[in-house]
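Good morning, and thank you for the time. I would like to walk through one structure that is new to most of this group. Please look at it first.

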Amino acid sequence: MTRARAVPMPSNSVLAPLYAGADLLDAFAIQLPAGASDDVEVLARAALERQAWWIRALTRVRDVVMAAVAVKSSRAVGLAAAARGPVIGFFPVLSKSATELVVGADDRLDFRVTIQLRADAANGRELVAGTVVHCHNRLGRIYLTTIAPFHRVIVPASLEQAARAMKN
């Protein structure tokens with residue numbers, strides 16, 4: 001199976017104006033199998049809703065630890081967002097076009113994730129996930145420093161899950 005790889009942030013993303021001054025800015029991509037969906041929402045759901053057991057376990061640990069400093073749990077974020085509009089996983093959907101879907105939330109830090117479907121150099125298609133985070137205070141920076149190494153493993157694993165799901 002094709003592995004996800006680090007790529008430059010998509011220059012054509014609606015998030016591009018947020019890149020300047022970001023505390024975290026990264027992107028990963030994976031080539032999609034022939035016959036994969038052309039619907040960016042279907043692809044985003046395959047990446048963000050079908051998490052591996054170890055990602056779900058890390059999310060539960062995050063929720064327990066962060067409750068001690070009054071940061072919303074993933075469940076609370078998802079429930080609040082679902083009351084206002086669509087969610088993917090527990091992430092509120094902020095915008096959607098034919099080739100890009102953006103999820104995100106604001107709390108101690110503002111985060112946005114772009115999921116893009118684009119043609120790759122080999123005339124295939126690839127799924128790109130780019131993340132932009134801006135911290136507001138010391139707690140946000142401490143939190144980001146703590147989770148960033150996990151984030152850099154989880155995002156590629158999530159893209160790989162989406163690609164596997166599209167093969168079936």
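A helix, as the word is used here, is a DSSP run of H or I with at least four residues, and helices are numbered from the N terminus. With that in place, our first residue can be located: His151 is found in helix α4. Please keep in mind throughout that this is a predicted model.

Is His151 buried or exposed? Its relative accessibility is 14%, and His151 therefore counts as buried, since the cut-off for buried is under 20%. Setting aside neighbours within four places in sequence, His151 is in contact with Leu24, Asp26, Thr131 and Pro156.

Let me turn to the packing of helices against α4. Two packed helices are described by the angle between their axes and the distance between the axes.

I begin with helix α1, residues 40–48, and helix α4, residues 138–167. Their axes come within 7 Å and cross at roughly 120°. Because of that angle, α1 is oblique to α4. The crossing of these two helices, α1 and α4, is right-handed. Which residues of α1 and α4 meet? On the α1 side they are Val42, Leu43, Ala46 and Ala47, and on the α4 side Ser158, Gln161, Ala162, Ala165 and Met166. By class, the contact of α1 with α4 comprises 7 nonpolar residues, 2 polar and no charged.

The second partner is helix α2, residues 53–67, which packs with α4 at an angle of about 160°, the axes lying 11 Å apart. The two helices, α2 and α4, are therefore roughly antiparallel to each other, as angles over 145 degrees are counted in that way. Here α2 passes α4 in a left-handed crossing. From α2, the residues Trp54, Ile55, Leu58, Arg62 and Met66 meet Tyr143, Phe150, Val153, Ile154, Ala157 and Ser158 in α4. How does the contact of α2 with α4 divide by class? It has 9 nonpolar residues, 1 polar and 1 charged.

I move now to the aromatic rings. A pair of aromatic rings is described by the distance of the centres and the angle of the planes. The structure holds 2 aromatic pairs. One of them is formed by Phe91 and Phe111, which are edge-to-face, at 5.8 Å centre to centre and with 75° between the planes. This pair links distant parts of the chain, for Phe91 belongs to strand β4 (residues 91–96) and Phe111 to strand β6 (residues 109–119), 20 residues apart. Phe91 is buried, with a relative accessible area of 17%, and Phe111 likewise counts as buried, at 19% relative accessibility. Ring pairs join Phe90, Phe91 and Phe111 into a cluster.

I close with two further residues, Cys135 and Ala98.

Cys135 is placed in strand β7, residues 125–135. At 13% relative accessibility, Cys135 counts as buried. How far apart in space are Cys135 and Ala22? The C-alpha to C-alpha distance is 8.0 Å, although 113 residues separate Cys135 and Ala22 in sequence. Beyond four places in sequence, Cys135 touches Asp23, Arg108, Leu109, Gly140, Arg141 and Leu144.

Ala98 sits in the loop between β4 and β5. With 64% relative accessibility, Ala98 counts as exposed. Ala98 and Leu25 are 73 residues apart in sequence, and their C-alpha atoms are 23 Å apart. Not counting residues up to four places away in sequence, Ala98 touches Asp38 and Val40.

Thank you for your attention.

Definitions and conventions
Residues are numbered from 1 along each chain as its sequence is written. This is a predicted model: local features need pLDDT of at least 70, side-chain atom pairs count only at pLDDT 80 or more; totals for chains, interfaces and linings use all residues. Side-chain values use heavy atoms; hydrogens and water are left out. Axes are lines fitted to C-alpha atoms, for helices over the stretch in contact, and angles run from 0 to 180 degrees between N-to-C directions. Angles under 35 degrees count as roughly parallel, over 145 as roughly antiparallel, 65 to 115 as roughly perpendicular and the rest as oblique. A crossing is left-handed if the near helix is turned anticlockwise from the far one by less than a right angle, and right-handed if clockwise. Contact means heavy atoms within 4.5 Å. Ala, Val, Leu, Ile, Met, Phe, Trp, Tyr, Cys and Pro count as nonpolar, Asp, Glu, Lys and Arg as charged, and the others, Gly among them, as polar. Buried means under 20% relative accessible area, exposed over 50%, partly exposed in between (1.4 Å probe, protein chains only). Rings of Phe, Tyr and Trp (its six-membered ring) pair if their centres lie within 6.5 Å; planes under 30 degrees apart count as stacked, over 60 as edge-to-face and the rest as tilted.
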